[in-house]
Amino acid sequence: KMQFLLVAFDGTDPAAQDRRMKVRSEHLEKIAVLKKKGNFLLGGAILDDNEKMIGSMIVYEFPNRSALDKSLENEPYITGGVWQKIEIRPYRLAHIE
């Protein structure tokens, strides 16, 4: 299995926060399913200086990049237009004892 780091930033337009909140529960439900399957390792919201959510950071684990891409096809933050800038990189979680 491979790990991937996703860093995604929301739009900066006036409706950006509304888009996020509209699909947030659906996004969290999908993440819960991925966690149960072992595909979501860790993640959370990126905040601005006023603690407003402006993006997301997630570490996924999938057999390969195409499996991750397939999963992201129905990610509510993508289909709902929340994430406007997305970067995905191969990642290796450090195992510190």
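Helices here are DSSP runs of H or I that are at least four residues long, numbered from the N terminus. Arg-20 has its place in one of these, helix H1. Please keep in mind that this is a predicted model.

## Helix H1

Let's start with the helix itself. H1 covers residues 16–37, and at 1.5 Å a residue its 22 residues should span 32 Å; the C-alpha atoms at its ends are 30 Å apart, which agrees. The helix has a kink of about 50 degrees, centred on Arg-24. Just after H1 comes Gly-38, with a positive phi of about 85 degrees.

Which residues of H1 are buried? They are Ala-16, Arg-20, Val-23, His-27, Lys-30, Ile-31 and Leu-34. These buried residues pack against four strands and two helices: strand S1 (2–10), strand S2 (40–47), strand S3 (53–62) and strand S4 (83–91), together with helix H2 (65–72) and helix H3 (76–79).

## Arg-20, a buried arginine

Arg-20 deserves a visit of its own. Because its relative accessibility is 2%, and buried means under 20%, Arg-20 counts as buried. Its side chain is joined to that of Tyr-77 by a polar contact of 3.4 Å. Leaving aside residues up to four places away in sequence, Arg-20 touches Asp-10, Ala-45, Met-53, Ile-54, Gly-55, Ser-56, Tyr-77, Val-82 and Trp-83.

## The nonpolar core

In soluble globular proteins, nonpolar side chains tend to be buried together. In this model, the largest nonpolar core has 16 residues, and those touching the most other members are Leu-6, Ile-58, Tyr-60, Leu-68 and Trp-83. At least two residues of this core come from each of S1, H1, S3, H2 and S4.

Tyr-60 is a good residue to click on. Not counting residues up to four places away in sequence, Tyr-60 touches Met-2, Gln-3, Phe-4, Leu-6, Ile-31, Leu-34, Asn-39, Leu-41, Leu-68, Leu-72, Glu-75 and Trp-83. Two of these partners, Ile-31 and Leu-34, are among the buried residues of H1.

## Salt bridges

Side chains of opposite charge can pair when their charged atoms come close. How many salt bridges does the model have? The count comes to five, and the table shows some of them, with the N to O distance for each.

| Salt bridge | N to O distance |
|---|---|
| Asp-13 and Arg-19 | 2.8 Å |
| Asp-69 and Arg-65 | 2.8 Å |
| Arg-89 and Glu-87 | 2.9 Å |

How exposed are the residues in these pairs? Asp-13 is partly exposed, with a relative accessible area of 32%, and Arg-19 is partly exposed at 21%. In the second pair, Asp-69 is partly exposed at 33% relative accessibility, and Arg-65 is partly exposed at 35%. Asp-69 and Arg-65 are four residues apart in helix H2, so about one helical turn separates them. In the third pair, Glu-87 has a relative accessible area of 39% and is partly exposed.

## Lys-52, in a loop

Finally, have a look at Lys-52, which has its place in the loop between S2 and S3. Lys-52 counts as partly exposed because its relative accessibility is 42%, between the 20% limit for buried and the 50% limit for exposed. Lys-52 touches Gln-17, Ile-46 and Leu-47, again not counting residues up to four places away in sequence. Lys-52 and Lys-22 are 30 residues apart in sequence, and their C-alpha atoms are 15 Å apart in space.

Definitions and conventions:
Residues numbered from 1 in each chain as written. Predicted model: local features only at pLDDT ≥ 70, side-chain atom pairs only at ≥ 80, totals over all residues. Heavy atoms only, no water. Expected span 1.5 Å × (residues − 1). Bend = angle between axes of the 7 residues up to and from the residue. Buried < 20%, exposed > 50% of the residue type's maximum accessible area, 1.4 Å probe, protein only. Contact = heavy atoms within 4.5 Å. Core = buried A, V, L, I, M, F, W, Y, C linked by side-chain atoms within 4.5 Å. Salt bridge = Lys/Arg side-chain N within 4 Å of Asp/Glu carboxyl O. Polar contact = N/O pair within 3.5 Å; in protein donor to acceptor, adjacent residues only side chain to side chain.
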